[in-house]
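Trainee: I would like to learn how to read a model like this one. Can we go through it feature by feature?

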Amino acid sequence: MIASPCCRNCCLNMQDVCMGCGRTYQEIIAWHSADDSGKAAILAAAALRLQQQTSLGIPRQANLDNSN
C-alpha cells in the first residue's frame, strides 16, 4: 500500500495544485480509489510539479503537521 503524500497543509494554487504535496485537485479526489500503479503515477506527476515549482522559485508550502 502506498501512503498518501498529504502533509495536512492543503493550499491550492490558481491551477488547482496543492502547494504542499503537488497533487492536483482531481488527483487528491482520485487517490482513495486508485490502485498502487495509479498512486505511483500520481506521486510521479506530483513530484515533477513540485520540482518545477521549486525551479521557478516558488516555495513549497511548509508542513505544519509534526507527525509526518
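**Reading the model**

Mentor: Start with charge pairing. The structure holds one salt bridge. Keep in mind that this is a predicted model.

Trainee: Which side chains meet in the salt bridge?

Mentor: The general idea comes first. Side chains of opposite charge can pair when their charged atoms come close. Here the partners are Arg 49 and Glu 27, with 2.9 Å from N to O. Arg 49 sits in helix H2 and Glu 27 in helix H1, so the pair ties together parts that are 22 residues apart in sequence.

Trainee: Are Glu 27 and Arg 49 buried or exposed?

Mentor: Glu 27 is buried, at a relative accessible area of 14%. Arg 49 is partly exposed, at 22%. The cut-off for buried is under 20%, so Arg 49, with its 22%, falls outside that class.

Trainee: What is the secondary structure of the chain?

Mentor: There are two helices and zero strands. Helix H1 covers residues 25–30, and helix H2 covers residues 36–55. A C-alpha distance links the two regions to the salt bridge residue. Gly 38 and Glu 27 are 11 residues apart along the chain, and their C-alpha atoms are separated by 9.7 Å. Gly 38 belongs to H2 and is partly exposed, with 23% relative accessibility.

Trainee: How many disulfides does a search of the whole structure find?

Mentor: Chemistry first. A disulfide is a covalent bond between the sulfur atoms of two cysteines. The search finds zero here. Cys 6 is in no disulfide, and its nearest cysteine sulfur, that of Cys 10, is 4.5 Å away.

Trainee: Why is there no bond between Cys 10 and Cys 6?

Mentor: Because the sulfur of Cys 10 is 4.5 Å from that of Cys 6, which is too far for a bond. The criterion is sulfur atoms within 2.5 Å. Their surroundings can be read too. Cys 6 counts as buried, at 19% relative accessibility, whereas Cys 10 counts as exposed, at 58%.

Trainee: Now the backbone. Which residue before H1 has a positive phi although it is not a glycine?

Mentor: Arg 8 is one, with a phi of about 60°. Arg 8 lies in the segment before H1 and is exposed, at 58% relative accessibility. Asp 16 is another non-glycine residue with a positive phi, near 60°. Asp 16 is also in the segment before H1, and counts as partly exposed at 42%.

Trainee: And the surface. Which residues make the nonpolar patch?

Mentor: Leu 12, Tyr 25 and Ile 29 make it, and the patch is about 280 Å². Ile 29 is in helix H1 and is partly exposed, with a relative accessible area of 47%. For the whole chain, the accessible surface is about 4600 Å², with 58% belonging to carbon and sulfur atoms. Buried residues make up 28% of the 68 residues.

Trainee: How should I read contact range?

Mentor: Look at sequence separation. Among contacts between residues at least 6 apart in sequence, 52% join residues at least 24 apart.

Trainee: What is the mean pLDDT of the chain?

Mentor: The mean is 85, and 81% of the residues reach 70 or more. Over residues 64–68 the pLDDT is below 50. Beyond near neighbours in sequence, that stretch has seven contacts in the model.

Trainee: How do I treat such a stretch?

Mentor: Where pLDDT is low, the predicted coordinates should not be read in detail.

Notes
Residues are numbered from 1 along each chain as its sequence is written. This is a predicted model: local features need pLDDT of at least 70, side-chain atom pairs count only at pLDDT 80 or more; totals for chains, interfaces and linings use all residues. Side-chain values use heavy atoms; hydrogens and water are left out. Patches are made of residues with over 30% relative accessible area and no salt bridge: like charges are joined within 9 Å, nonpolar side chains (Val, Leu, Ile, Met, Phe, Trp, Tyr) within 5 Å. Accessible areas come from the Shrake-Rupley method with a 1.4 Å probe; for residues, only the protein chains shown count as cover. A salt bridge is a side-chain nitrogen of Lys or Arg within 4 Å of a carboxyl oxygen of Asp or Glu. Helices (H or I, at least four residues) and strands (E, at least two) are DSSP runs, numbered from the N terminus. Buried means under 20% relative accessible area, exposed over 50%, partly exposed in between (1.4 Å probe, protein chains only). Contact means heavy atoms within 4.5 Å. pLDDT is the predictor's confidence in each residue, from 0 to 100.
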